[in-house]
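Hi there,

Here is the structure I promised to pass on. Have a look at it first, and then read my notes below.

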Amino acid sequence: MAHYCDLAPGHPFHGPYHDHEYGFPVDNDSDLFQRLVLEINQAGLSWLTVLKKREAFRAAFEGFQIDRVAAYGEAECARLLADAGIIRNRLKVAAVIHNAGVIRELQAEHGSFGHWLEHHHPLSHADWIALFKQTFRFTGPEITGEFLMSTGYLPGAHRDDCPVQARILAAVPAWARS
């Protein structure tokens with residue numbers, strides 16, 4: 001089976017994501033929220049589909065502004081479900097809006113979504129899955145695992161011999177600190 005490190009380099013969508021984002025630590029709450037939104041929307045689809053729609057997601061969810069998305073009501077939900085640029089799945093849209101509200105609560109309690117993640121790190125993959133299932137909507141094992149790998153909380157985004165892995169290690173992701 002081919003690894004992402006074999007398939008992504010040179011690809012117009014996968015390449016930049018692989019080389020500059022996937023596995024690198026993320027500490028900005030809007031960026032963390034964006035990753036969660038994208039991972040939720042990837043469920044059942046290819047990652048390429050999500051990457052191609054990324055800018056449409058950014059526009060539809062107003063730059064992934066957590067406070068704005070958390071305040072969405074029926075009108076915004078209807079707008080999103082009518083937006084052909086994004087993935088129009090009622091459960092996914094509802095989960096994104098709900099999860100923005102949850103992140104606001106985590107920010108109030110911990111100072112930021114990132115601080116909440118740090119507060120719980122390190123956990124095993126199974127414990128992260130249980131925590132995300134208890135905390136968020138539409139976050140099963142695959143979504144949770146990919147979110148945490150993509151943001152530097154779990155190892156495995158890159159092979160050890162991938163040139164990007166050395167840059168990730170230099171950025172000291174959470175998994176490398178434990």
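In what order do the elements of the protein chain run from the N terminus on? They go α-α-α-α-α-α-α-α-α-α-α-α-α. Put as a count, that is 13 helices and zero strands. Before you go further, keep in mind that this is a predicted model.

**The whole chain**

Let's start with the overall shape. A compact globule of 178 residues would have a radius of gyration near 16 Å, and the protein chain has 16 Å, so the two agree. If you lay the C-alpha trace along its principal axes, it spans about 50 × 35 × 25 Å. Buried residues account for 46% of the 178 residues. Now take the contacts between residues at least 6 apart in sequence: 62% of these join residues at least 24 apart.

As for the outside, the accessible surface is about 8600 Å², and carbon and sulfur atoms make up 54% of that. The chain carries 16 positive and 21 negative side chains, with 7 Å between the centres of the two sets.

**The cores**

Which residues have the most contacts inside the largest nonpolar core? They are Phe33, Phe61, Phe113, Leu117, Phe132 and Phe136, in a core of 48 residues. Helix 8 (residues 90–110) gives the largest share of this core, with seven residues. Apart from it there is another core, of five residues, including Cys5, Phe24, Cys162 and Val164.

Phe113 is a nice one to click on. Not counting its neighbours within four places in sequence, Phe113 touches Asp29, Leu32, Phe33, Ile103, Leu106, Gln107, Phe136 and Phe147.

**Two buried loop residues**

Is Ile87, in the loop between helix 7 (74–81) and helix 8, buried or exposed? Buried counts as under 20% relative accessible area. Ile87 has 11%, so it is buried. Beyond its neighbours within four places in sequence, Ile87 is in contact with Asn41, Leu45, Val50, Lys53, Phe57, Lys92 and Val93. Phe33 lies 54 residues from Ile87 in sequence and 17 Å from it in space, C-alpha to C-alpha.

Leu154 sits in the loop between helix 11 (141–150) and helix 12 (163–170). Its relative accessibility is 11%, so Leu154 counts as buried. With neighbours within four places in sequence left aside, Leu154 has contacts with Leu123, His125, Trp128, Gly145, Leu148, Met149 and Trp175. From Leu154 to Gln107 it is 47 residues in sequence and 22 Å in space, C-alpha to C-alpha.

**Some backbone details**

Zoom in on the loop between helix 9 (113–120) and helix 10 (125–135), where you will find Pro122. The peptide bond that joins His121 and Pro122 is cis, with omega at about -5 degrees.

Next, go to the loop between helix 5 (54–60) and helix 6 (66–70), where Glu62 is placed. Glu62 is not a glycine, but its phi is positive, near 50 degrees. With a relative accessible area of 23%, Glu62 is partly exposed.

Then there is Phe138, in the loop between helix 10 and helix 11. Phe138 is not a glycine either, and its phi is positive at about 60 degrees. Its relative accessibility of 30% makes Phe138 partly exposed.

Cheers

Terms used. Residues are numbered from 1 along each chain as its sequence is written. This is a predicted model: local features need pLDDT of at least 70, side-chain atom pairs count only at pLDDT 80 or more; totals for chains, interfaces and linings use all residues. Side-chain values use heavy atoms; hydrogens and water are left out. Helices (H or I, at least four residues) and strands (E, at least two) are DSSP runs, numbered from the N terminus. The radius of gyration is taken over C-alpha atoms; the globule rule is 2.2 Å times the number of residues to the power 0.38. Buried means under 20% relative accessible area, exposed over 50%, partly exposed in between (1.4 Å probe, protein chains only). Contact means heavy atoms within 4.5 Å. Accessible areas come from the Shrake-Rupley method with a 1.4 Å probe; for residues, only the protein chains shown count as cover. Lys and Arg count as positive and Asp and Glu as negative; His and the chain ends are not counted. The place of a charge is taken as NZ of Lys, CZ of Arg, CG of Asp or CD of Glu. A nonpolar core is a set of buried Ala, Val, Leu, Ile, Met, Phe, Trp, Tyr and Cys residues joined through side-chain atoms within 4.5 Å.
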